[in-house]
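Biologist: I am new to this structure and should be grateful for a close look at its aromatic residues. Please then continue to the empty spaces within and around the protein.

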Amino acid sequence: MNMTLDHVFILVEPDARVADRLLEQGFREGSRNTHPGQGTANRRFFFANGMVEFLWVRDAHEANTGPGRNLHFSERATDPTASPFGIIFVPCKDNASPDMPFPGWHYQPDYFPLPTGFHVGANSENYLEPLCFYFPFHNPGVPLPQPERNSQRITEVVISTPSIDTDGVLALASRCDRLSIQSACEHLMEITLEHRALGHTQDFRPAMPLILHW
(Lines give C-alpha, C1' and ligand atoms only; values in the text may rest on other atoms or scores of the structure.)
Protein backbone atom coordinates (compact mmCIF):
# COMPACT_ATOMS: atom_id res chain seq x y z
CA MET A 1 0.00 0.00 0.00
CA ASN A 2 1.35 3.45 -0.95
CA MET A 3 -0.12 5.25 2.04
CA THR A 4 0.37 5.09 5.77
CA LEU A 5 -1.80 5.95 8.75
CA ASP A 6 -1.11 9.44 10.08
CA HIS A 7 -3.79 9.92 12.73
CA VAL A 8 -7.39 9.33 13.69
CA PHE A 9 -10.06 11.52 15.22
CA ILE A 10 -13.23 11.08 17.24
CA LEU A 11 -16.04 13.62 17.02
CA VAL A 12 -17.07 14.42 20.60
CA GLU A 13 -19.05 16.92 22.65
CA PRO A 14 -17.93 20.61 22.66
CA ASP A 15 -14.63 21.27 24.47
CA ALA A 16 -13.83 17.53 24.47
CA ARG A 17 -13.96 17.16 28.22
CA VAL A 18 -13.95 13.39 27.68
CA ALA A 19 -10.27 13.71 26.71
CA ASP A 20 -9.56 14.37 30.38
CA ARG A 21 -9.99 10.63 30.81
CA LEU A 22 -6.69 10.12 28.98
CA LEU A 23 -4.98 12.61 31.28
CA GLU A 24 -6.23 10.56 34.22
CA GLN A 25 -4.44 7.54 32.74
CA GLY A 26 -1.15 9.45 32.61
CA PHE A 27 -1.06 10.40 28.92
CA ARG A 28 0.27 13.84 27.99
CA GLU A 29 -1.84 16.24 25.97
CA GLY A 30 -0.36 18.21 23.10
CA SER A 31 -1.30 21.61 21.73
CA ARG A 32 -4.88 22.39 20.78
CA ASN A 33 -5.98 23.71 17.42
CA THR A 34 -8.89 25.28 15.53
CA HIS A 35 -9.87 24.85 11.87
CA PRO A 36 -11.02 28.12 10.23
CA GLY A 37 -13.67 27.56 7.59
CA GLN A 38 -14.39 24.09 8.92
CA GLY A 39 -16.01 25.18 12.17
CA THR A 40 -14.16 22.67 14.32
CA ALA A 41 -11.56 22.64 17.08
CA ASN A 42 -9.61 19.87 18.76
CA ARG A 43 -7.59 18.46 21.60
CA ARG A 44 -4.63 16.31 20.55
CA PHE A 45 -2.59 13.50 22.03
CA PHE A 46 0.61 12.84 20.09
CA PHE A 47 2.35 9.49 20.09
CA ALA A 48 5.65 8.29 18.64
CA ASN A 49 4.15 7.54 15.23
CA GLY A 50 0.83 9.33 15.12
CA MET A 51 -1.89 11.20 16.92
CA VAL A 52 -5.33 10.75 18.45
CA GLU A 53 -7.51 13.82 17.94
CA PHE A 54 -10.68 14.71 19.80
CA LEU A 55 -12.69 16.96 17.49
CA TRP A 56 -15.80 19.03 18.10
CA VAL A 57 -17.98 21.54 16.25
CA ARG A 58 -17.17 24.98 17.66
CA ASP A 59 -19.18 26.99 15.11
CA ALA A 60 -22.13 25.21 13.48
CA HIS A 61 -22.76 28.04 10.99
CA GLU A 62 -19.17 27.92 9.77
CA ALA A 63 -19.28 24.13 9.59
CA ASN A 64 -22.47 24.29 7.50
CA THR A 65 -21.46 27.10 5.12
CA GLY A 66 -17.65 27.09 4.92
CA PRO A 67 -15.35 25.10 2.63
CA GLY A 68 -15.75 22.07 4.91
CA ARG A 69 -19.55 21.97 4.64
CA ASN A 70 -19.56 18.76 2.59
CA LEU A 71 -17.86 16.95 5.47
CA HIS A 72 -21.17 17.29 7.35
CA PHE A 73 -19.59 17.67 10.76
CA SER A 74 -22.70 19.31 12.22
CA GLU A 75 -24.93 16.54 10.96
CA ARG A 76 -22.57 13.85 12.21
CA ALA A 77 -22.32 15.53 15.61
CA THR A 78 -26.09 15.55 16.10
CA ASP A 79 -27.00 12.20 14.51
CA PRO A 80 -26.60 9.39 17.08
CA THR A 81 -26.40 6.80 14.29
CA ALA A 82 -23.53 8.56 12.48
CA SER A 83 -19.92 7.47 12.66
CA PRO A 84 -17.92 9.90 14.83
CA PHE A 85 -14.61 8.74 13.40
CA GLY A 86 -12.14 10.08 10.88
CA ILE A 87 -8.99 8.51 9.45
CA ILE A 88 -6.16 10.57 7.95
CA PHE A 89 -3.59 9.00 5.65
CA VAL A 90 -0.38 10.33 4.13
CA PRO A 91 1.86 8.92 1.38
CA CYS A 92 4.59 6.48 2.29
CA LYS A 93 7.97 8.17 2.18
CA ASP A 94 8.95 6.43 -1.06
CA ASN A 95 5.60 7.08 -2.78
CA ALA A 96 5.80 9.63 -5.59
CA SER A 97 2.58 8.54 -7.30
CA PRO A 98 -0.02 11.24 -8.05
CA ASP A 99 -2.80 8.67 -7.86
CA MET A 100 -5.35 8.84 -5.06
CA PRO A 101 -5.72 5.64 -2.99
CA PHE A 102 -9.53 5.61 -3.02
CA PRO A 103 -12.35 7.36 -4.94
CA GLY A 104 -13.26 10.80 -3.63
CA TRP A 105 -13.18 14.55 -4.02
CA HIS A 106 -10.85 17.47 -3.35
CA TYR A 107 -11.26 19.53 -0.19
CA GLN A 108 -9.30 22.77 0.05
CA PRO A 109 -9.49 23.95 3.68
CA ASP A 110 -8.90 27.58 4.58
CA TYR A 111 -6.11 26.58 6.95
CA PHE A 112 -3.87 25.12 4.19
CA PRO A 113 -2.36 27.16 1.35
CA LEU A 114 -3.28 26.31 -2.24
CA PRO A 115 -3.06 23.65 -3.60
CA THR A 116 -2.30 21.58 -0.51
CA GLY A 117 -5.74 20.23 0.22
CA PHE A 118 -7.18 16.88 1.23
CA HIS A 119 -8.56 14.10 -0.90
CA VAL A 120 -11.77 13.02 0.87
CA GLY A 121 -13.29 9.58 0.41
CA ALA A 122 -16.42 9.33 -1.72
CA ASN A 123 -18.21 7.78 1.25
CA SER A 124 -18.41 11.15 3.03
CA GLU A 125 -22.15 11.36 2.34
CA ASN A 126 -22.71 8.05 4.12
CA TYR A 127 -22.87 9.06 7.77
CA LEU A 128 -22.61 5.45 8.93
CA GLU A 129 -19.01 5.30 7.68
CA PRO A 130 -15.93 7.06 9.06
CA LEU A 131 -14.57 9.97 7.09
CA CYS A 132 -11.40 9.10 5.17
CA PHE A 133 -8.84 11.77 4.28
CA TYR A 134 -5.68 11.43 2.22
CA PHE A 135 -3.14 14.24 2.35
CA PRO A 136 -1.06 13.76 -0.81
CA PHE A 137 1.77 16.12 0.13
CA HIS A 138 4.76 15.27 2.27
CA ASN A 139 5.01 18.96 3.19
CA PRO A 140 1.69 20.75 3.85
CA GLY A 141 3.24 24.20 3.48
CA VAL A 142 2.35 25.23 7.03
CA PRO A 143 4.39 24.93 10.24
CA LEU A 144 4.14 21.43 11.63
CA PRO A 145 3.69 20.97 15.38
CA GLN A 146 6.74 19.82 17.28
CA PRO A 147 4.95 18.45 20.30
CA GLU A 148 6.12 16.63 23.35
CA ARG A 149 4.93 13.20 22.36
CA ASN A 150 3.86 10.24 24.41
CA SER A 151 6.59 7.66 23.87
CA GLN A 152 4.31 4.80 22.85
CA ARG A 153 3.73 3.79 19.24
CA ILE A 154 0.25 3.23 17.85
CA THR A 155 0.50 -0.40 16.73
CA GLU A 156 -3.11 -1.08 15.75
CA VAL A 157 -6.38 0.76 15.14
CA VAL A 158 -9.59 -1.23 14.71
CA ILE A 159 -12.74 0.66 13.66
CA SER A 160 -16.16 -0.97 13.77
CA THR A 161 -19.06 0.33 11.70
CA PRO A 162 -22.55 -0.93 10.86
CA SER A 163 -22.10 0.14 7.24
CA ILE A 164 -21.70 -2.25 4.30
CA ASP A 165 -19.07 -0.07 2.54
CA THR A 166 -21.30 1.07 -0.32
CA ASP A 167 -18.57 3.16 -2.05
CA GLY A 168 -15.68 0.73 -1.60
CA VAL A 169 -13.60 3.35 0.23
CA LEU A 170 -13.30 1.41 3.48
CA ALA A 171 -12.07 -1.75 1.77
CA LEU A 172 -9.25 0.23 0.15
CA ALA A 173 -8.47 2.18 3.32
CA SER A 174 -8.26 -0.96 5.43
CA ARG A 175 -5.36 -2.24 3.35
CA CYS A 176 -3.21 0.28 5.19
CA ASP A 177 -0.82 -1.12 7.79
CA ARG A 178 -1.96 -0.91 11.42
CA LEU A 179 -5.60 -0.29 10.42
CA SER A 180 -8.56 -2.67 10.35
CA ILE A 181 -12.15 -1.73 9.54
CA GLN A 182 -14.83 -4.26 10.35
CA SER A 183 -18.59 -4.62 10.28
CA ALA A 184 -20.37 -4.53 13.65
CA CYS A 185 -23.64 -3.48 15.23
CA GLU A 186 -22.27 -0.27 16.72
CA HIS A 187 -19.56 2.30 16.17
CA LEU A 188 -16.36 1.62 18.08
CA MET A 189 -12.66 2.46 17.84
CA GLU A 190 -10.01 0.34 19.53
CA ILE A 191 -6.48 1.72 19.67
CA THR A 192 -3.55 -0.43 20.72
CA LEU A 193 -0.25 1.04 21.87
CA GLU A 194 2.96 -1.02 21.84
CA HIS A 195 1.10 -4.30 21.25
CA ARG A 196 -0.49 -4.05 24.75
CA ALA A 197 2.96 -4.34 26.34
CA LEU A 198 1.75 -3.26 29.80
CA GLY A 199 -1.47 -5.25 29.69
CA HIS A 200 -3.71 -2.25 30.42
CA THR A 201 -7.14 -1.64 28.90
CA GLN A 202 -9.48 1.31 29.40
CA ASP A 203 -13.00 1.29 27.98
CA PHE A 204 -14.24 4.88 27.69
CA ARG A 205 -17.83 3.98 26.87
CA PRO A 206 -20.45 5.36 27.28
CA ALA A 207 -18.63 8.74 27.38
CA MET A 208 -17.17 8.01 23.92
CA PRO A 209 -16.88 4.92 21.72
CA LEU A 210 -13.21 4.27 22.39
CA ILE A 211 -11.26 1.40 23.94
CA LEU A 212 -7.56 1.95 24.55
CA HIS A 213 -5.06 -0.88 25.08
CA TRP A 214 -1.47 -0.27 26.17
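Modeller: In this predicted model, Phe112 and Phe118 are both buried. The count of aromatic pairs comes to 14. For Phe112 and Phe118, the ring centres lie 5.5 Å apart and the planes meet at 40 degrees, so this pair is classed as tilted. These two residues belong to one aromatic cluster, whose other members are Phe9, Phe73, Trp105, Tyr107, Tyr111, Phe133, Phe135 and Phe137.

As to enclosed space, there is 1 cavity of 30 Å³ or more, and the largest cavity has a volume of about 40 Å³. Its lining consists of Leu5, Asp6, His7, Val8, Asn49, Gly50, Met51, Ile154, Val157 and Arg178. Two or more lining residues come from each of β1 (3-11), β4 (50-57) and β9 (154-161); β1 contributes the most, with 4 residues. Sorted by class, this lining holds 5 nonpolar, 3 polar and 2 charged residues.

Among the open spaces, the second largest pocket holds about 530 Å³. It is lined by 20 residues, and those nearest its centre are Leu11, Val12, Glu13, Pro84 and Pro209. Helix α3 (residues 73-78) supplies the largest share of that lining, namely 3 residues. By class, the lining of the second largest pocket comprises 13 nonpolar, 2 polar and 5 charged residues.

How values were computed
Residues are numbered from 1 along each chain as its sequence is written. This is a predicted model: local features need pLDDT of at least 70, side-chain atom pairs count only at pLDDT 80 or more; totals for chains, interfaces and linings use all residues. Side-chain values use heavy atoms; hydrogens and water are left out. On a 1 Å grid over the protein atoms alone, a cavity is a set of points where a 1.4 Å probe fits but cannot get out, and a pocket is an open set with protein on both sides within 12 Å along at least five of seven lines; lining residues have an atom within 4 Å of a point. Grid points are joined across faces, edges and corners, and a volume is the space filled by probe spheres set on the points. Ala, Val, Leu, Ile, Met, Phe, Trp, Tyr, Cys and Pro count as nonpolar, Asp, Glu, Lys and Arg as charged, and the others, Gly among them, as polar. Rings of Phe, Tyr and Trp (its six-membered ring) pair if their centres lie within 6.5 Å; planes under 30 degrees apart count as stacked, over 60 as edge-to-face and the rest as tilted. Buried means under 20% relative accessible area, exposed over 50%, partly exposed in between (1.4 Å probe, protein chains only).
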